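Please find below my notes on the model, set out as numbered points. They begin with the core and then move outwards to the sheet and the helices.

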Amino acid sequence: MANEANPCPCDIGHKLEYGGMGQEVQVEHIKAYITKSPEDTGKAVIVVQDIYGWQLPNTRYMADMIAGNGYTTIVPDFFVGREPWDPAADWSTFPEWIKSRSAREVNREVEAVLRYLKQKCHSQKIGIVGFCWGGAVVHHVMLRYPEVRAGVSVYGIIKDSEDVYNLKNPTLFIFAENDAVIPLEQVSVLTQKLKKHCIVNYQVKTFSGQTHGFVHRKREDCSPADKPYIEEARRNLIEWFNKYM
């Protein structure tokens, strides 16, 4: 699910076999997976899960990749102990399931994580990246928290109201051309509205021929044709943090 106005299921794609380089910690009322950067830069990135939850190996792989580029990363359980979506579940139950997991009702968790990063990790500059459901969380956070210096929303969008374009800090939106969840018409509207209302730096980038989930759920070696796009998108998100943090 990446579209808050029209929740729609998404395929889990390639689930990686990956153990992770970080550790699980308790952050006030939620659990989280944290990976320290090899060097202390005072910078951190919150990594927001998709509908498959904070323990999905693919999301932890992305967090570790970002950590290797000089950022402490943290993957909080934004579902707060509630079960993630089960790929084997009946999709007809999805709309009811998602009602208790709104991407716009995460402020308590965001604030707990911000406190943890500042107090326990001594982070001075904080960014956020999210995938699918997490991309919508990023969109929400970048409208509300000016202390979050940079955001990357990966195939996530909020379009259920008119107050979602006045971003507080630079935000990169990454989309896939052949996304069954987010049609290009929605990407076009977002682009037009940001141009009209947004006064900070932003970028909307659509990757040709790609599908929903391509950045974090496709294996790098799954297709020679896809690999350059996956690598470029991952490089872009790192470059965005490097530039604005």
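1. The largest nonpolar core has 82 residues, and those with the most contacts inside it are Ile-46 and Trp-133. Such a core is a set of buried Ala, Val, Leu, Ile, Met, Phe, Trp, Tyr and Cys residues joined through side-chain atoms within 4.5 Å, where buried means under 20% relative accessible area, exposed over 50% and partly exposed in between, with a 1.4 Å probe and protein chains only. Ile-46 touches, among others, Ile-74, Phe-78, Val-113, Leu-117, Ile-126 and Val-129, residues up to four places away in sequence not being counted; contact here means heavy atoms within 4.5 Å.

2. On provenance, this is a predicted model, in which local features need pLDDT of at least 70 and side-chain atom pairs count only at pLDDT 80 or more, while totals for chains, interfaces and linings use all residues. Residues are numbered from 1 along each chain as its sequence is written, and side-chain values use heavy atoms, with hydrogens and water left out.

3. The sheet is open and mixed, with 8 strands in the order 1-2-4-3-5-6-7-8; strands (E, at least two residues) and helices (H or I, at least four) are DSSP runs numbered from the N terminus, and two strands pair if DSSP finds at least two bridges between them. Strand 1 (23-27) and strand 8 (202-207) are the edge strands, each pairing on one side only. From one strand to the next the twist averages 20°.

4. At the strand 1 edge, strand 1 and strand 2 run antiparallel and are joined by 5 bridges, with Val-27 opposite Ile-30 and Glu-24 partnered by Tyr-33. Their hairpin has 2 residues between the strands, and Glu-28 takes a positive phi near 50° there. Strand 2 then pairs with strand 4 over 4 bridges, again in the antiparallel sense, and Thr-35 has Thr-73 of strand 4 as its bridge partner. Of the 6 residues in strand 2, 5 are buried.

5. At the other edge, strand 7 (residues 171-176) and strand 8 run parallel and are joined by 6 bridges, one partner pair being Ala-176 and Phe-207. Helix 5 (residues 184-197) packs on the sheet here, touching strand 7 and strand 8, and its direction makes about 160° with that of strand 8; angles run from 0 to 180 degrees between N-to-C directions, and axes are lines fitted to C-alpha atoms, for helices over the stretch in contact.

6. Helix 1 deserves a closer look, as 9 of its 11 residues are buried, including Arg-60, Met-62, Asp-64 and Ile-66. What covers these buried residues includes strands 1, 2, 3, 4 and 5 together with helix 6. The axes of helix 1 and helix 6 (residues 227-244) come within 11 Å and cross at roughly 50°. That makes helix 1 oblique to helix 6, since angles under 35 degrees count as roughly parallel, over 145 as roughly antiparallel, 65 to 115 as roughly perpendicular and the rest as oblique. At this interface, Tyr-61, Met-62, Met-65 and Ile-66 of helix 1 meet Arg-234, Leu-237 and Ile-238 of helix 6.

7. A last point concerns a loop residue: is Ala-103 buried or exposed? Ala-103, in the loop between helix 2 (94-98) and helix 3 (107-119), is buried, with a relative accessible area of 0%. Its C-alpha atom is separated by 4.9 Å from that of Val-137, although the two residues are 34 residues apart along the chain.
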